[in-house]
Amino acid sequence: MNRQLPKPSEVLELLQFKKPEFNGKKRRLDAALTTQDLRRIAKRRTPAAAFDYTDGGAEGEISMRRARQAFEDIEFHPDILKPAQHVDTSTEVLGGLSALPFGIAPTGFTRLMQTEGEVAGAGAAGAAGIPFTLSTLGTTSIEQVKAANPGGRNWFQLYVMREREISYGLVERAARAGFDTLMFTVDVPVAGFRMRDKRNGFSIPPQLTAGTVMNAIPRPWWWMDFLTTPKLEFASLSSTGGTVGDLLNSAMDPTISYEDLEIIRQLWPGKLVVKGVQNVPDAVKLIDRGVDGIVLSNHGGRQLDRAPVPFHLLPQVVREVGRDATVMIDTGIMNGADIVAAVALGAKFTLVGRAYLYGLMAGGRDGVDRMIEILRSEIERTMSLLGVSSLDELEPRHVTQLSRLVPIPEGHVALAEHLTS
């Protein structure tokens, strides 16, 4: 090959430097390409106790790991020679439109993660055209969330408390504020044992100890934000002090029943969804009772460890009740491809919790916007690669769930019992 001296003009073409970004937050968020990147930023910028409250699960965190693994253990089956240059990610759910097949899940104590809290989440959801769900244990009032997302879809997640009148009052306030869907949550009769919180001494409000002071030294901005913004207020807790588990156990009522569901149904004028369904018979019973939808969820692996994996349960529930009600799913969703897989297997809608909080901790409102954009791009790219132009074109044939957790056949259990008797 003949060699030659490089031409100065060609060298100059290669020496085009990218304009520097002096805004540190924007630089960090622009560099985040996945929700795991947002998680890494969040971990650097948030005290350990607050980060672990978001990041952790119950007991040995087996449910949490299994839920995430279930989404990784799938195989996609694309259609070839079927162009999908432009994809439509919009869907109708519970009587209204959503620009994307996911909404923001309810999260408690959100302003402890980052002081913008639910206002950032609701504002970002409204800008993206997706629903935002406020938790009973949220740190922003129903009315403030409505103000942050005045033209968007706001949903309210309800715990039935020991003091029933508190819960009834919240239902009435959410209705007056124009929230269109109530999410009745049933998987917290008592608090799960979250060992990270116990080991960190995580309390509401956070207490200054030698450990928290040492952990705060490289994160002074978090404490500055916490100490210079309005005091935390909760929608349902009149007093605070103690671990999250202590607060939940003092407020929650393990005796809630179908009678409570009927009372809430009478109080609520909008769509009613039950969150925390973990088996097929309960799904059928709820639909027979007239609820508008269900959320397959094990509370993000934060309640009963070794609980069923919602994504594994999804196809069975859709076969039984998918024609009669809206089936949604959460737990373990960290990628737009996870959402596409869930929709292909029959989920009408999905909810993201940890991914939202990672974005919030990484950069407040801007971080939540970035999280939504990351998931949006992953959804669009996955759909294009599958050869589907709309969510309605996604079918079970596009996804295979690969199996790691295979139940032992009942006959084998009976034989083992016989041999050991």
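Select F311 first. Beyond its neighbours within four places in sequence, F311 is in contact with A70, F71, I74, I329, A341, A342, L345 and Q401. This is a predicted model.

**The core around F311**

Now widen the selection to the largest nonpolar core. It has 106 residues, and I294, F311 and L314 touch the most other members. Colour helix 18, residues 354–386: it supplies the largest share of this core, 15 residues. Apart from this core lies another, of 10 residues, with A105, W155, V273 and F349 among them. In soluble globular proteins, nonpolar side chains tend to be buried together.

**Helix 17**

Two contacts of F311, A341 and A342, lead to the next stop. Both belong to helix 17, where they are buried along with G336, A337, D338, I339, V340, V343 and A344. Helix 17 spans residues 336–344 and is mostly covered, with nine of its nine residues buried.

What caps the N-terminal end of helix 17? Select N335: one of its side-chain oxygens lies 2.7 Å from the backbone nitrogen of A337. Then go past the other end. G346 follows helix 17 and has a positive phi, near 115°.

**Strand 7 and its partners**

Jump to strand 7, residues 181–185. Five of its five residues are buried, so the strand is largely enclosed by the rest of the structure. Show the side chains. T181, M183 and T185 point one way, L182 and F184 the other way, and all are buried. In a regular strand the side chains alternate between the two faces of the sheet.

Which strands pair with strand 7? Add strand 6, residues 154–158, which runs parallel to strand 7 and is joined to it by four bridges. Pick out W155: its bridge partner in strand 7 is T181. W155 is also one of the members of the 10-residue core. Follow the chain from strand 6 through helix 9, residues 164–176, to strand 7; this β-α-β crossover is right-handed.

Next add strand 8, residues 271–277. Five bridges join it to strand 7, and the two run parallel. Select F184 and V274 together: V274 is the bridge partner of F184 in strand 8.

**Zoom out**

Show the whole protein chain. It holds 19 helices and 12 strands. Of its 421 residues, 51% count as buried. Its C-alpha atoms fill a box of roughly 85 × 55 × 55 Å along the principal axes. The radius of gyration is 23 Å, which agrees with the value near 22 Å for a compact globule of 421 residues. Among contacts with a separation of 6 or more, 76% come from residues 24 or more positions apart.

Methods
Residues are numbered from 1 along each chain as its sequence is written. This is a predicted model: local features need pLDDT of at least 70, side-chain atom pairs count only at pLDDT 80 or more; totals for chains, interfaces and linings use all residues. Side-chain values use heavy atoms; hydrogens and water are left out. Buried means under 20% relative accessible area, exposed over 50%, partly exposed in between (1.4 Å probe, protein chains only). A polar contact is a pair of N or O atoms within 3.5 Å; within protein, one must be able to donate a hydrogen and the other to accept it, and residues adjacent in sequence count only if both atoms are side-chain atoms. A nonpolar core is a set of buried Ala, Val, Leu, Ile, Met, Phe, Trp, Tyr and Cys residues joined through side-chain atoms within 4.5 Å. Contact means heavy atoms within 4.5 Å. Two strands pair if DSSP finds at least two bridges between them. A crossover is right-handed if, with the strands pointing away from the viewer, the path from the first strand over the helix to the second runs clockwise. The radius of gyration is taken over C-alpha atoms; the globule rule is 2.2 Å times the number of residues to the power 0.38.
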